[in-house]
Each structure stands twice: as structure tokens, then as C-alpha cells.
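This report describes the arrangement of a protein chain and the surroundings of its ligand. The sequence and the structure are shown first, and the description follows.

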Amino acid sequence: MQHSIPTSTAPAKARAPIAIVNDPIVEVRGVTKKYGTSITALQNIDISFERGHLTSLLGPSGCGKTTLLKIVAGLLEPTAGEIRVNGKPVTGPGRERAFVFQDFALMPWASVIDNAAFGLKMQGTGKAEREERARHYINEVGLSGFEKKYPHELSGGMRQRVGLARALAVNADILLMDEPFSAVDEQTRRKFQEDLMRLREVENKTFLFVTHSIEEAVYVSDRIVMLSPRPGRISEIIDPAIPEGITADELRRDEAYLDTVERIWTGIKKYVE
Ligand SMILES: Nc1ncnc2c1ncn2[C@@H]1O[C@H](COP(=O)(O)OP(=O)(O)OP(=O)(O)O)[C@@H](O)[C@H]1O
């Protein structure tokens, strides 16, 4: 794991916290998003995301996590401000960004390989090449042998892996994941978290990841961006600095881990009735 930056920053009252980023791949500049006239989902968000890192967006329900992810994906337009990816303004979805939906958005009538190859097909990649790439990533996410199966023949965890294979196959640099683990059981979730961290190392991707789970965020993230609601703003930035090579069991007893989980919970609980 690559938790290189020490735990940092204190909650700022007057100004939003600023994260130090050496090599930004995504820059969010002064982004405000209003829905209609009465809902300000995000207000003046400034944040950069480090290339090759896994950053989690965490915060109470309704603080704008999904809205921010969709704006970065180019699926939603900000009311004010802009997003830059590799220094270029975002005007819509792009090849360098892949969105992994909460429900994995698989096509029920298509086999695993066709689902995994779907993004490539949309990009106009020829059949032979897209099947080869899809097979490679099906193998990478541990689904070899299931190429000809259909989504209804798979468990929730397996469907999720197909969604991830599809996102990896288009070779996007940035994977935007909206609560990718919410629909699977705890055991599958843990296995998948480990796989995700391995993939990040092997594939050298940048992950932006929305989660509701504090423990998950602290476990998998290089950096956690905490949002507060009404209107959504950045309230705190935390770099968990979990020791490298630690097992899941050791982690749950690790003092730094427990302190970070507690600190985040203290920040969130005032919003939870
Ligand atoms: N299409 C929409 N129209 C109107 N309001 C919306 C729309 N989408 C989101 N909102 C509102 O904007 C705010 C932020 O929503 P968003 O889904 O981004 O939050 P979230 O932090 O991802 O929430 P959750 O954790 O519950 O998924 C909420 O108050 C939500 O009700």
C-alpha cells in the first residue's frame, strides 16, 4: 500500500482545508452545484486529486459526494467553477475517466465478456481486440471461466467485478467509483477491497471513490476528503498513513487506524440524528 503522507490537517472553520498535491490529475476549481433554486449540493469546492492515488469522498448522506463524482465524470455540469483533467477543462465524459456505478450497470442480456467489452465497443475497438482486452481484465478481476455467463448467473460480488473489468478494459487513467461495495456482503467486500488495492498498484490507476463506510475509507485510501452537508463543502482532509503490509486483522487493532476512524466519526456524528 502506498500511504506515504502522514496524517494531517485540523478542521478549519473559516476556510476549507487545502491538500498538498504533487502531481494533480484532477483539479476541481471553485465548483458550485445547485439543483433548481433551492438546493445547493456543493458550494465552492476546491480540491486536487493526486495521480496514482486512491482518494475517498466521505460524509453524511446528502453532502454531495455523488454530485461531485458525476461532475468529475462529466455526467453533470457544475453551476459554477470548472474541472480540469490532466490540465484540460472537462466539458463532458472522456476516455481517460471511467465511471463504475453503484449497481454496476450491466446489460442483463449480454454475457460477461460482452459486458466487459462494452466500453471498448462504444469506442469503436474491433471485435478481436476488444475480446482480447476484455478477457485480460476478466482474468485480472478473478472471473476467468465465466466469460460466457450472464449477469443473472453471477453473485453480486461477481457482477461488481464485471463492472470493474469493463472500467479497466477501456484503459481509463481515472476510475470513478460510486459506492462500489454497497451491494455485496461483508466477506466479498473485504476481498474486493484487497483486490482493489492490488489493482491500483499493478495498473497504476487513479481512483476516486465514494463510500459511506469510515472503516473502508481508512483502510483503502491514500487520502480521505470529508464533506459536510447543506451546502456541501470540504470539511477535512485526512491522510490515513496505515502501515504498509499490515494484515486486515492487525489493522483492526492498529492504534493509528482506530484513532483515524474515531476522528472521522466525531466529525460526522453531529450530522446524524
Ligand atoms: N437530480 C437531483 N435533483 C434535485 N436534488 C438533487 C438531485 N440529485 C441530488 N440532489 C440533492 O443534492 C444533495 C446532494 O446529493 P448527493 O446525491 O450528491 O449526495 P450524497 O452525499 O452522494 O448522498 P448519499 O450519501 O445519500 O448518496 C442532496 O440534498 C440531494 O437530495
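## The ligand shell and its setting

Helix α1 contributes more than any other element to the shell around the ligand, supplying three residues. The model discussed here is predicted. Strand β2 (39-50) and α1 each provide at least two residues of that shell. The residues around the ligand include Tyr35, Ile39 and Ala41. Further along the chain, Gly59, Ser61, Gly62, Cys63 and Gly64 are also around the ligand, as are Lys65, Thr66 and Thr67. By class, the shell consists of four nonpolar, six polar and one charged residue.

Helix α1 spans residues 65-73 and is mostly covered, with seven of its nine residues buried. Those buried in α1 are Lys65, Thr67, Leu68, Leu69, Ile71, Val72 and Ala73. Lys65 and Thr67 therefore appear both among the residues around the ligand and among the buried residues of the helix, where buried means that 20 or more other C-beta atoms lie within 10 Å of a residue's own. Just after α1, Gly74 adopts a positive phi of about 85 degrees.

A second mostly covered element is strand β10 (residues 233-238), in which five of the six residues are buried. This strand runs antiparallel to β9 (residues 223-228), and five bridges join the two. Within this pairing, Met226 has Glu236 of β10 as its bridge partner. The hairpin of β9 and β10 has four residues between the strands, and Arg230 in this hairpin takes a positive phi near 55 degrees.

The two mostly covered elements are set out below.

| Element | Residues | Buried residues |
|---|---|---|
| Helix α1 | 65-73 | seven of nine |
| Strand β10 | 233-238 | five of six |

On the scale of the whole chain, the domain assignment gives two parts. Domain 1 comprises 1-96 together with 175-273, while domain 2 comprises 103-171. The centres of domain 1 and domain 2, taken over C-alpha atoms, are separated by 26 Å. Nine residues from domain 1 and 10 residues from domain 2 take part in the contact. On the side of domain 1 that touches domain 2, helix α6 (residues 186-203) gives the most, with four residues. That side of domain 1 is made up of five nonpolar, one polar and three charged residues.

Note on methods
Residues numbered from 1 in each chain as written. Predicted model: local features only at pLDDT ≥ 70, side-chain atom pairs only at ≥ 80, totals over all residues. Domains from an automatic or database assignment. Contact = placed C-beta atoms within 7 Å. Nonpolar A, V, L, I, M, F, W, Y, C, P; charged D, E, K, R; others polar. Buried ≥ 20, exposed ≤ 12 C-beta atoms within 10 Å, placed from the backbone. Pairing = 2+ DSSP bridges. Near = placed C-beta within 6 Å.
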